[in-house]
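Q: Could you take me through one part of this structure up close, and then show me how the rest of the chain sits around it? I'd like one connected walk-through rather than a list.

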Amino acid sequence: MGNKEEGKSSKPDKSSSPAPVDHTNIHVYPDWAAMQAYYGPRVALPPYLTQLWRLVKHPSIYVGPPQPMMPPYGAPYAAVYSHGGVYAHPTVPIGLHPNVSGVPSSPAAATPVSVETPTKSTGNTDRGLMKKLKRFDGLAMSIGNGNTNAESAEGGTTGYLRVRRLKVLVMEVMEIQGSKRSCEGMPNVGGEMRTELQVSSVPTGEVNASSHKVLGAAVASASVSGKSEGTAVSPSMSTAYELRNPPVNSAKTSVTNIPQPCQVLPSEAWFQNERELKRERRKQSNRESARRSRLRKQAETEELAHKVESLTSENLALKSEINQLTKKSEKLRLENASLLVLAYAVAKCFHFLRLFVSALAVWDHRAAIEITKDWNGIEQVVVRNPQGASARVSLHGGQVVSWRNERGEELLFTSSKAIFKPPKAMRGGIPICFPQFGNCGSLEQHGFARNKIWTVDDNPPPLQSNDSKGKSFVDLLLKPSEEDLKCWPHSFEFRVRVLLATNGDLALISRVRNINGKPFSFSFAYHTYLSVSDISIDHERKRTFVIRKEGLPDVVVWNPWEKKSKAMVDFGDEEYKHMVCVDGAAIERPITLKPGEEWTGRLELSVVPSSFCSEHYDLQRRGL
Ligand SMILES: O=P(O)(O)OC[C@H]1O[C@H](O)[C@H](O)[C@@H](O)[C@@H]1O
């Protein structure tokens, strides 16, 4: 502020007594010495103040023009300087000035207005007060400069700045007062904190007594509260801001004892004390802030610690769960592998079971057998396999008259001239020569069996071997008639089973049992007519017949050839080219059966491509 402290500042009076304020310790600052707080009707307003007048436009600031002194104020009242208070002149209605040039002249202006609003707490009081202080932003202070030489624009600006500074100080003091009232000994009125903003007048005498340099001391006292309705003399004044005119003007302005508007005089000691208090307050505030910060951080740290602990527990639980799930997964994986193996085994079993069931279906020879009749009305039994191969057996002679592969190709030869009418055998197929082969005996050519009607044997005695498994077959039976016995007096049972394998192979199993009381002997042959494309060079069909036989030690190969073919009634002249008989037979040594004995002659026919040799075929059949 440019002030120079010349001595100790007077300590603010805490007393509520309206006794005159002791101004003896109030220092008068050199640059303030010429300050004139009030300019009456006979006092000219210095130019700088006029300029200040223009600068301060706030309606609440009262820097009024010369005005009458005593009439509005009446008798001087005791000025009580409230500590830290802002003192407004009683004649200045707070915040009611429509403009700074207006001077209230109403009686109310002459009457000290005091409206006290008790507050329950310092904070509330301060907030209310600060609101009012905002309205008092332009708190009126008449500041004069006794130095007429300094009545310049510069001097006016300095005074204005001082006014602003004083306002700031007043606001600071008010703030400190609000928060530190108890520390500064601010008493409560009626038990409640009371904040007052007062502008009071100080008698000239008192001012003069305090310092000869003081021309006028204007400390207006006006209590400011919620309503500006009156003036109260606060007993709690402890700090006074005083602006005093130099004594040289006191004589001429005897009215300096009249309250001047908004004149306060700060005390440097008080300022120093307030600064220290403010620093202490800031330190305390900082400490409180730091303490709150520490508490907040501590709370945050504790919260984070709780979170860490919770998350750690959750993490452990999840790890445990993962381990359990991993173990379960591994167990399930092993179980799955076992189930896969089991499923594979079951699938294989199911596959074999399906094959077995299929084989059973094939083995059901009854379902695979069909009985038909030829054009002579003689029954024929057709045996088929699942692949479509077939064998046809006529009850006439028990002769296989047809053998076809799965493609329907006929594999046996049958003459186009064949006669299918007993008692002559059909030329072709596989006639059964029994009990005589050819003309070697007393019987007809190749015996009588091929010319007799056979029957289907539904209940044949079981075979010793397993040749019938997986094959379709039919059993035929021939028993000698009375006429037969006359020619050949040997009772017998002749059974033949014709089998068709799944691969199309054809097999014939003949069993001859002696049911006579005496032994007998016979010859036997499967007089098999094989079909060939060309007997000379059979390369067209590129197939090879494979013949296997059991109990048949002899083989007869026969072709009538060109000349005999022409002599045969039931044979075409050129058909010799397309046939060849290869007989499995027992001729050289007749079979002799004792009573009850049985003989078995087995023949198996297969067809393979011509590139196959017999050795290769045999290996193939054995699955090697
Ligand atoms: O005309 P068949 O009585 O059917 O006999 C046909 C042929 O069978 C066998 O091969 C005899 O060895 C032949 O001599 C006979 O010609």
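A: Let's start with E2 and strand E3 (residues 390–394): the two run antiparallel and are joined by 5 bridges. This is a predicted model, so read everything here as computed from it. One rung of that pairing puts Arg384 across from Ser390 in E3. The two strands make a hairpin with 5 residues between them, and in its turn Gly388 has a positive phi of about 105°.

Now look to the other side of the pattern. E2 (residues 379–384) also pairs with strand E1 (residues 369–373), again in the antiparallel sense and over 5 bridges. Here you can pick out Thr372, which stands opposite Gln380 in E2. E1 and E2 form a hairpin too, with 5 residues between the strands, and Gly377 takes a positive phi near 80° there. If you trace side chains along these strands, keep in mind that in a regular strand they alternate between the two faces of the sheet.

Stepping back, the chain holds 10 helices and 15 strands. Of its 624 residues, 46% count as buried. Among contacts with a separation of 6 or more, 74% come from residues 24 or more positions apart. On the outside, the chain exposes about 31200 Å², with carbon and sulfur atoms supplying 55% of it.

As for the inside, nonpolar side chains tend to be buried together in soluble globular proteins. The largest nonpolar core in this model has 46 residues, and Phe434, Phe494, Phe522 and Phe524 have the most contacts inside it. Apart from that one lies another core, of 7 residues, among them Phe413, Tyr529, Phe571 and Tyr576. Back in the largest core, Phe434 is worth a click: leaving out residues up to four places away in sequence, its contacts include Trp488, Phe492, Phe494, Phe522 and Phe524.

For a contrast in setting, try Glu444, in the loop between strand E5 (432–433) and strand E6 (455–456). Glu444 counts as partly exposed because its relative accessibility is 40%. Beyond residues up to four places away in sequence, Glu444 touches Gln436, Gly438 and Asn451. With Asn451 there is a side-chain to side-chain polar contact at 2.5 Å. The C-alpha atoms of Glu444 and Cys487 are 9.9 Å apart, with 43 residues separating the two along the chain.

One last stop is residues 308–335, which an unreviewed UniProt entry annotates as "coiled-coil region". In the model that span is 100% helix and 0% strand, and its end C-alpha atoms lie 39 Å apart.

Terms used
Residues are numbered from 1 along each chain as its sequence is written. This is a predicted model: local features need pLDDT of at least 70, side-chain atom pairs count only at pLDDT 80 or more; totals for chains, interfaces and linings use all residues. Side-chain values use heavy atoms; hydrogens and water are left out. A nonpolar core is a set of buried Ala, Val, Leu, Ile, Met, Phe, Trp, Tyr and Cys residues joined through side-chain atoms within 4.5 Å. Buried means under 20% relative accessible area, exposed over 50%, partly exposed in between (1.4 Å probe, protein chains only). Contact means heavy atoms within 4.5 Å. Two strands pair if DSSP finds at least two bridges between them. Helices (H or I, at least four residues) and strands (E, at least two) are DSSP runs, numbered from the N terminus. Accessible areas come from the Shrake-Rupley method with a 1.4 Å probe; for residues, only the protein chains shown count as cover. UniProt positions are given in the numbering used here, feature names are shortened, and annotations may be inferred rather than shown by experiment. A polar contact is a pair of N or O atoms within 3.5 Å; within protein, one must be able to donate a hydrogen and the other to accept it, and residues adjacent in sequence count only if both atoms are side-chain atoms.
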